[in-house]
Amino acid sequence: MPTQSTNSPLSAYWLPFTANQDFKAAPRMLAKAEGHYYWSEDGRKLYDSFSGLWTTGLGHCHPKIVEAVQTQVAELDYAMAFQMGHPKAFALAERLADLAPDGINHAFFCNSGSEAADSALKIALAYHRARGEGTRTRLIGRERGYHGVNFGGISVGGMTPNRKAFNACLLPGVDHLPHTLNLSENAFSKGLPKWGAHLADELERLCTLHDASNIAAVIVEPAPGSTGILPPPEGYLRRLRDICTRHGILLIFDEVINAFGRVGAPFAAERFGVTPDIITTAKGITNGVIPMGAVLVSAEIYKAIVQGPPHLIELFHGYTYSGHPVAAAAGLATLDAYKDEGTFEEARALESIFEEEIHSLSDHPKVIDVRNIGLMGAVELSPHPNGAGQRGMAAHKACFWNEDLVVRNGMDILQFSPFLNAKPDDLSETFEKVRRVLDTIE
Ligand SMILES: Cc1ncc(COP(=O)(O)O)c(C=O)c1O
């Protein structure tokens, strides 16, 4: 069958979450990475202000992770994932259980944050059903929540562009709590905003509306990232936890971004002092080197589901690459590095410097908000009169082409996710460069 003529070596690849036409007109190509830098295809050295895509907190091409991957791929490249096992997956599960808050001590592996979110929702439904509470099927997410791109994740997620084309096929029986960003109350907050804990009480309203006996789980990112970094209001997560406990609803923390040091602790649950029933992770679990995700659950959930005739499968769910040996090896080496290098402590100590540097942009006339928590921060720009998103994109491109700096933008929100071991001077240089860019773009 004749194929459409493409005329360009860039034509075949359909880039994810990318303005393809615009990108292909002037591609921003990364050819190599090491430490805190990328090198572009044209040989420029670029500082990475986003640690990959929230993934690579230790820096790129960490020698110990590279070595672990190289050794593993030559020793056991793949191991059948169903009805068979291999030692490194068990070792990694145990290490994660040790790191997780008390009571969370089993790991189910998958390959991404999206798969982790959908797996967690399925586990929540299976748990209630196994305990004879099969009426608990409703799922509650939050406006502006991001739980990946699979159907479960976009259904409980609350990012409109990710949902609108698929509206008719979203899961039924899903409600959303309100998001917590309100610039008239919270703008330019440093760390946790003081206003907004009461928004958790919306969950009580939903319990009254549906009767809690119909609600399975609530899923939230403790500190939402991809939607533009919305630090949780003081006391908000505790309130959600209490309402869930009161009504027998499982609380799921999506820590795909938050876990592994991003908020100065192994898990946001620890940082915010609120323990959920389920935690989802991905990204930093392997420092982004090999795709991997994990759903961490309490013993109570594991035991409720893993029962019945011993020769039968208890949960009909899993992936060909669940617990992949190379990913597990990368995960173990990553956890070793976090521990050996004191990464979580280092990240925590950097927070105040990062906060000061990012808030140095607060006085810029194009900036309408700056917010931060841990080593996550956002600089929200006023939209260009010609259309929302143009100014953010212009800033992203000007950083790349003019300042040798990789900055992520979500519409007009510039997002920052510095390395967990970033150098203070690099942080101040980053925001000096961003200021220059804001001065020059329209
Ligand atoms: C909180 C959260 N959940 C899920 C995902 C989806 O992860 P993935 O892109 O690995 O599927 C992301 C990705 O950024 C995320 O931030």
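User: How many bridges join E11 to strand E12, and do the two run parallel or antiparallel?

Analyst: Six bridges join them, and E11 and E12 (residues 376–381) run antiparallel. Strands here are DSSP runs of E, at least two residues long; helices are runs of H or I, at least four long; both are numbered from the N terminus. Two strands pair if DSSP finds at least two bridges between them.

User: What kind of model is this, and how are residues numbered?

Analyst: It is a predicted model: local features need pLDDT of at least 70, side-chain atom pairs count only at pLDDT 80 or more, and totals for chains, interfaces and linings use all residues. Residues are numbered from 1 along each chain as its sequence is written.

User: What pLDDT does the chain average?

Analyst: The average is 97, and 99% of the residues score at least 70. pLDDT is the predictor's confidence in each residue, from 0 to 100.

User: Where does pLDDT stay under 50?

Analyst: Over residues 1–5. The model has zero contacts for them beyond four places in sequence. A contact means that two C-beta atoms, placed from the backbone, lie within 7 Å.

User: Back to E11. What is the strand order in its sheet?

Analyst: The order is E11-E12-E15-E14, an open sheet of four strands with antiparallel pairing. E11 (367–373) and E14 (408–410) are the edge strands, each with a single partner, so one side of each has no neighbour in the sheet. From one strand to the next, the twist averages 20°.

User: Which helix packs on the sheet?

Analyst: Helix H14 (residues 343–359) does, touching E11, E12 and strand E15 (413–416). Its direction makes about 175° with that of E11. Axes are lines fitted to C-alpha atoms, for helices over the stretch in contact, and angles run from 0 to 180 degrees between N-to-C directions.

User: What sits between E11 and E12?

Analyst: Two residues; the strands form a hairpin. Gly374 in the turn has a positive phi of about 55°. In E12, Val379 is the bridge partner of Val370, and Ala378 is that of Arg371.

User: How many residues of E11 are buried?

Analyst: Five of the seven, so E11 is largely enclosed by the rest of the structure. Buried means 20 or more other C-beta atoms within 10 Å of a residue's own; 12 or fewer is exposed, anything in between is partly exposed, and C-beta atoms are placed from the backbone.

User: And how many residues of E7 are buried?

Analyst: Six of the six in E7 (residues 215–220), so that strand is largely enclosed by the rest of the structure.

User: Which way does E7 pair with E5 and with E8?

Analyst: Strand E5 (residues 138–142) pairs with E7 in the parallel sense over three bridges. E7 and strand E8 (residues 250–254) also pair in the parallel sense, over four bridges. Val218 in E7 stands opposite Ile140. Val218 also stands opposite Leu251 in E8.

User: Where does Leu230 lie?

Analyst: In the loop between E7 and helix H10 (236–247). Leu230 is buried, with 24 other C-beta atoms within 10 Å.

User: What does Leu230 touch?

Analyst: Beyond four places in sequence, Leu230 touches Arg144, His179, Thr180, Leu181 and Pro224. Leu230 and Ala378 are 148 residues apart in sequence but 8.5 Å apart in space, C-alpha to C-alpha.

User: What about Ile229: where is its phi?

Analyst: Near 60°, a positive value in a residue other than glycine. Ile229 is in the loop between E7 and H10. It counts as buried, with 26 C-beta neighbours inside 10 Å.

User: New topic. Which residues come nearest the ligand?

Analyst: Ser112, Gly113, Ser114, Gly148 and Val256, out of 14 around the ligand. A residue is near if its C-beta atom, placed from the backbone, lies within 6 Å of the molecule or strand in question.

User: Which helix gives the most to that shell?

Analyst: Helix H5 (residues 113–130), with three residues.

User: How does the shell split by class?

Analyst: Five nonpolar, seven polar and two charged residues. Ala, Val, Leu, Ile, Met, Phe, Trp, Tyr, Cys and Pro count as nonpolar, Asp, Glu, Lys and Arg as charged, and the others, Gly among them, as polar.
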